[in-house]
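New to this one? Have a look at the structure below, and then we'll walk through a few spots in it.

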Amino acid sequence: MKTRILIAVVGVLVLAGAAVAYVGFASARNHGVTATGAVSLAPGPRLLFRSTADADRGHVATVSAGDPGGPRTVSPLSCARVYAAGGTGLCLRQDGDLTTYQLAVLDRTLAVQRELPLVGLPNRARVSASGRMLAWTVFVTGDSYNGGLFSTRAGILDTATGDLAGTLEDYAVTRDGRPYQAADANFWGVTFTRDDRHFYATMSTAGHRYLVAGDFAAHTIRTLRENVECPSLSPDGTRVAFKSAVDGDPAKGWRLSVLDLAAAKVTPLAETRSVDDQPAWLDDHTIGYGLPRGPGHADVWSVPADGSGAPRLLIPDAESPAAL
C-alpha cells in the first residue's frame, strides 16, 4: 500500500480570549448592520458560514436560524473553508503571509487549539456531530498519472486521541467486494456517522466516482454505489445528501439528490441549477448549499430534502454553511 502522508503535526497553539465580533455594515443584500457580540460555536439556533460580503469577505460569521437573512455576527477570524459541530470548529486558512495553507482546530470561542499544515488548496471541511472527528479535502497537483491536473487528498483527525490519517489513500480499499489498489484513487467529501468511527466519502478511480463507506479504526474503505459525490449524512443517520454528475459527466454540471441508505432510493431535489458543493443538513428536512454569484461572491440556499418545494435564498453573501 502506498504511503503519502501530506500533512504533519506541528504542535499545539492555544490562544487566550474569545473572538470578539466587530460592528460594520453588511452587504446591502443583508438589510442592515452586523450584530454586536462574539461568534460562538456552542450548540444553539444559529447558522455558521463564511462571509463573501465586500465588508468582511472570508470572515467567519453566524446568523439566527430563525432570521438567516437578518443581522450577522462577524468574527475577526478568516477561513477559506469553515465548519463546526458539537462546539468544535474546523478552519482551513492561509498560513499567515505565506502562500501555503493550514488547518486550525477551534474551540467554541474560536480560540485555536491546534494547527496542522496543509499541502494543497482547501476544498471541503467537516466535523462530526460530537465535535471529536475532523475531516478535510484539498486540491493538489503533481501526480504523475494525472497529467498536471488537480487531484484531491482527504484527511481525518481524531481530536480526542490525536490519531491522524493524513490521506485516505493509505486505507485498504475493497471495490465491488474485491481488494483494490490503483495509483489514481482520489478521495474527497468526508461525512461522519454518530459513532465517531465510521464515515462516508467519495472515491474516484478509473473514470468512476463512488460513494464509499470507511472505518477510521480499521483503516478500511469499501465502495457502495457509483456517481455519488460529496456525501452528507442526515442527522438521523438514514439518508445521504449528495451531488451527482449530470449523465455521469461532470462537464455537464451536478444535481443535488438524497439517497435513502436502507431502501437504496434516490430522490432528486428541487434545485435544478448545477451545485458544486458538499451539501449540509440544516435540520432533518432541509439541505443547505452554496452557489456562486459573480467573482468573489456566493449565497447560501436551502431546499427541502424530500424533493418537494423550491430552492430558497437563505443567507446572502455567504458560503460554507453549518447548522450549530
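## Around Ser257

Leaving aside residues up to four places away in sequence, Ser257 touches Val240, Ala241, Phe242, Ser244, Val266, Thr267, Pro268 and Leu269. Keep in mind as you look around that this is a predicted model.

Ser257 sits in strand 20, which covers residues 254-260. Is Ser257 buried or exposed? Its relative accessibility is 6%, so it counts as buried, the cut-off being under 20%.

## Around Val127

Now jump to strand 8, made of residues 121-127, where you'll find Val127. Val127 is buried too, with 6% relative accessible area.

Which residues does Val127 touch, not counting those up to four places away in sequence? They are Tyr83, Ala84, Ala85, Thr88, Leu90, Met133, Leu134 and Phe192. Also worth a look is Asp196: it is 69 residues from Val127 along the chain, and their C-alpha atoms are separated by 9.9 Å.

## A four-stranded sheet

Strands 22, 23, 24 and 25 line up in that order as an open sheet, with antiparallel pairing. At the edges are strand 22 (280-283) and strand 25 (312-315), each pairing on one side only. From one strand to the next, the twist averages 45°.

Zoom in on strand 24 (residues 298-304), and you'll see that it pairs with strand 25 over three bridges, in the antiparallel sense. Here Ser302 stands opposite Arg312 of strand 25.

## How far to trust it

The protein's mean pLDDT is 88, and 85% of its residues reach 70 or more. Over residues 1-32, though, pLDDT is below 50, and this stretch has 94 contacts in the model beyond near neighbours in sequence. Where pLDDT is low, don't read the predicted coordinates in detail.

Key: Residues are numbered from 1 along each chain as its sequence is written. This is a predicted model: local features need pLDDT of at least 70, side-chain atom pairs count only at pLDDT 80 or more; totals for chains, interfaces and linings use all residues. Side-chain values use heavy atoms; hydrogens and water are left out. Helices (H or I, at least four residues) and strands (E, at least two) are DSSP runs, numbered from the N terminus. Buried means under 20% relative accessible area, exposed over 50%, partly exposed in between (1.4 Å probe, protein chains only). Contact means heavy atoms within 4.5 Å. pLDDT is the predictor's confidence in each residue, from 0 to 100. Two strands pair if DSSP finds at least two bridges between them. Axes are lines fitted to C-alpha atoms, for helices over the stretch in contact, and angles run from 0 to 180 degrees between N-to-C directions.
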